[in-house]
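User: Hi! I have this model open and I'd like some help finding my way around. Can we go through it together?

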Amino acid sequence: MLDQAQRILKDVFGYDAFRGNQAAIIERVARGGDALVLMPTGGGKSLCYQVPALLRDGLAVVVSPLIALMEDQVATLDELGVPAVALNSMLEADAQRDIAERIRRNEIKLLYLAPERLVQPRMLAFLQRLNIALFAIDEAHCVSQWGHDFRPEYLQLGQLAELFPEVPRIALTATADKRTREEIVRRLHLQDAERFLSSFDRPNIFYRILPKDQPRKQLMGFLAERRGDAGIVYCLSRKKVEEVAEFLSAQGFPALPYHAGLPNELRAYHQKRFLNEEGLIMVATIAFGMGIDKPNVRFVAHLDLPKSLEAYYQETGRAGRDGLPADAWMAYGLQDVVFLKQMLANSEGDEQHKRVELHKLDAMLALCEETRCRRQALLAYFDEVLAEPCGHCDNCVDGVQTWDATEPARQALSAIYRSGQRYGVGHLVDILLGKDNEKIRSFGHQQLSVFGVGKTLSEGEWRTLFRQLVARGLADVDLEGYGGLRLSESCRPLLRGEVRLELRREPAASKAPRSGASPASSLVRQEERETWEALRSLRRKLAEEHGVPPYVIFPDATLLEMLRSGPRTLADMAGVSGVGARKLERYGQAFLDVLQGGAKVERSAGDLRHELISLARSGMTPTQIARQLDCTEKNVYAMLAEAISAQQLSLEQALDLPEALLEEIQAAFLDGEGELPGVAEVAPLFTGRVPDAVLYCVRAALQAEFEL
């Protein structure tokens, strides 16, 4: 059976060898056994049920929580020549009937369903009349009532064990601690399932966490060498998402907002653009994430603290699914802790649930202030031991300096206590620095014994110290007291002088940290860049023709291997990882032509136009687009006019003109009978007010309107 599986892996999927536990899992399910699979994002979970689906007779049913995820998988399988369909609420009744008929005729190998559709009595009765090969329950952690991705419909999937006792079931997830794993087994009735637990480690991700200090400026510093990379920026609030997306677009980074407050159609449109276009940044709340299968996300940045290590691991795990270098970057501050604790205090749920969530937040904080290897600390939380420091996180690369903070910490705790355990960090720092201001005088705090005792440290150093005291659990945020600090029980030994305290010293702002992962732009060497861009350009063209995201044609990792191995024949191309028989037949020769230099110039203008349209849609001005594409503004305006004529862009997306001025220009063009006048006729009316290039764009929009 393994020989057969190996042939399918090579012929259909284009890979030479299974990774990790894949072979054992596939053999278990193909022989009819149940399995619980814990495998990190990017570890190849889908092969664990797709290969057995092709090995076994009958229809494989895949339960998936999101339409976008289903469509992505179906498009990928279709490109590989595997008959797969998704039945979802977006389909018309005729299309659904057609799919049902094709299933009855045994023309389909994999059927993707949402859990709520699968558990409908009519659907279960339909499936009971068929030969079912297996059930695959993807994102199985959705069954956990402790998780933030909880989906109540998953609780009903346990009935599959009784209704289809002879059909093997495989439950898969990338994120499940020990308690969640037990919950999956119990609720899905997987008692006899063999458990396959892979390492949580994502060695290609570089982790960096730094304290907030002008976070937008810090983010720009991080993004400076990642221009053109696809990434996700997570924020806690919808308002912040909108503001950061707007800010990034204004800085020349095409960015889209995504949060639960946007209309469904707009959210779906933004998600589709993120999947289909190169180099877009999605600024999002945690509403965006599950089901994002884009393998070449080069970074995930957090501008706010995630609420748990599970959430952090899951969100950062969306970077680098293709195995190439990627970054997980975060800036966090004490205000994030206050905000998250207030959210938790105001949330629904019993006290036990809140205690669990508070414990998870404390673990997240501990990672931020960690002085050891970040990866060792992160994996330890998931009960996994990494014997040696990873050498691939900020603490390993930059080193961490610590200092004896015993005395300043006692002074800080004393300031909290003597001022009544009700003030925020700003006021406490003012007390320690001996500042003479109205608030200090109005409370009489200039009389406190700790007033002015802390002048040996700067304001920034005191703020860092208070943040670390909260992270260590020595002080706590009083939510009922509007976010003031109070002492924790655990600070007593320190105050009594029974223990000493070592804290991490933040590097001086002037000392730039060494770089983390290689940005995608540096995945290829300078001399390879022209061929690399030509390969990406061809991939984009083919993706548009086939109506699929570019990575469905070939992921970056496959393009990179083509670039490096330089295949000269189709037989050579067949040896490239990710090139299966169907893709070799469809695309092999076209990519060989590019590698041999025969297809570079032909598409460069179209490629440039495609990028221009993406940038304009994201809100960038013609000046910013010219800078990004390294061409003249005149060229940019000419291409904008072409895109408007072809109805690929609206005038509002291309230009940001005051409404009154736009109406004046439109009136000038429409002021006659019959044909629109040429720009040369209208231009004298606007000399010195509007460049001729703008007039070309307005005329193109009017022309397109007349042709509708």
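User: Let's start with E8. How many bridges join E8 to strand E13?

Analyst: There are 7 bridges between E8 and strand E13, which covers residues 326-332, and the two run parallel. Keep in mind that this is a predicted model. For a pair to click on, take Leu 210: its bridge partner in E13 is Ala 331.

User: Cool. What is the order of the strands in that open sheet of 6?

Analyst: The order is E8-E13-E12-E9-E11-E10, and the pairing is parallel. Strand E8 (205-211) and strand E10 (255-258) are the edge strands, each pairing on one side only. On average, neighbouring strands in this sheet are turned by 15° against each other, ignoring direction.

User: What holds strands together in a sheet, in general?

Analyst: Backbone hydrogen bonds do the pairing, and the strands can be parallel or antiparallel.

User: And the sheet with 7 strands, what order does that have?

Analyst: That open sheet reads E3-E4-E2-E5-E6-E1-E7, with parallel pairing. Its edges are strand E3 (84-87) and strand E7 (194-197), and each of these pairs on one side only. Here the average turn between neighbouring strands is 20°, direction ignored.

User: Over how many bridges do E5 and E6 pair?

Analyst: Strand E5 (residues 132-137) and strand E6 (residues 169-173) pair over 3 bridges, in the parallel sense. One example is Phe 135, whose bridge partner in E6 is Arg 169.

User: Which strands does helix H3 touch?

Analyst: Helix H3 (residues 47-55) packs on the sheet and touches strand E2 (59-63), strand E4 (110-113), E5 and E6. The direction of H3 makes about 140° with that of E4.

User: What about H5, which strands does that helix lie across?

Analyst: Helix H5 (residues 93-104) lies across E2, E3 and E4. Relative to E3, H5 runs at about 135°.

User: Changing topic: what volume does the second largest pocket have?

Analyst: About 1500 Å³. The lining has 45 residues, and the closest to the pocket's centre are Ile 67, Ala 68, Glu 71, Ala 268 and Gln 271.

User: Which helix gives the most to that pocket's lining?

Analyst: That's H12, with 7 residues in the lining of the second largest pocket. At least two residues each come from helix H4 (67-79), helix H6 (115-118), helix H12 (264-276), helix H13 (309-316) and helix H23 (529-546).

User: How do the residues of that lining divide by class?

Analyst: For the second largest pocket, 22 are nonpolar, 10 polar and 13 charged.

User: You mentioned H13. At what angle do the axes of H13 and H15 cross?

Analyst: The axes of H13 and helix H15 (residues 351-368) cross at roughly 60° and come within 8 Å. That crossing angle is why H13 counts as oblique to H15.

User: Which residues make the contact?

Analyst: On the H13 side, look at Leu 309, Glu 310 and Tyr 312. H15 brings in Lys 360, Ala 363, Met 364 and Leu 367. Sorted by class, the residues of this contact are 5 nonpolar, no polar and 2 charged.

User: One more topic: how many cavities of 30 Å³ or more are there?

Analyst: The structure holds 3. The largest cavity has about 50 Å³ of space, and the second largest has a volume of about 40 Å³.

User: Which residues line the largest cavity?

Analyst: The lining is made by Arg 226, Arg 227, Gly 228, Asp 229, Gly 252, Phe 253, Pro 254, Gly 279, Ile 281 and Gln 628. By class, the largest cavity's lining has 3 nonpolar, 4 polar and 3 charged residues.

User: And which residues line the second largest cavity?

Analyst: Leu 275, Asn 276, Glu 277, Glu 278, Lys 294, Asn 296, Arg 539, Pro 550 and Tyr 551 do. H12 and helix H24 (550-553) each supply at least two residues of that lining. The classes for the second largest cavity are 3 nonpolar, 2 polar and 4 charged.

Terms used. Residues are numbered from 1 along each chain as its sequence is written. This is a predicted model: local features need pLDDT of at least 70, side-chain atom pairs count only at pLDDT 80 or more; totals for chains, interfaces and linings use all residues. Side-chain values use heavy atoms; hydrogens and water are left out. Two strands pair if DSSP finds at least two bridges between them. Helices (H or I, at least four residues) and strands (E, at least two) are DSSP runs, numbered from the N terminus. Axes are lines fitted to C-alpha atoms, for helices over the stretch in contact, and angles run from 0 to 180 degrees between N-to-C directions. Contact means heavy atoms within 4.5 Å. On a 1 Å grid over the protein atoms alone, a cavity is a set of points where a 1.4 Å probe fits but cannot get out, and a pocket is an open set with protein on both sides within 12 Å along at least five of seven lines; lining residues have an atom within 4 Å of a point. Grid points are joined across faces, edges and corners, and a volume is the space filled by probe spheres set on the points. Ala, Val, Leu, Ile, Met, Phe, Trp, Tyr, Cys and Pro count as nonpolar, Asp, Glu, Lys and Arg as charged, and the others, Gly among them, as polar. Angles under 35 degrees count as roughly parallel, over 145 as roughly antiparallel, 65 to 115 as roughly perpendicular and the rest as oblique.
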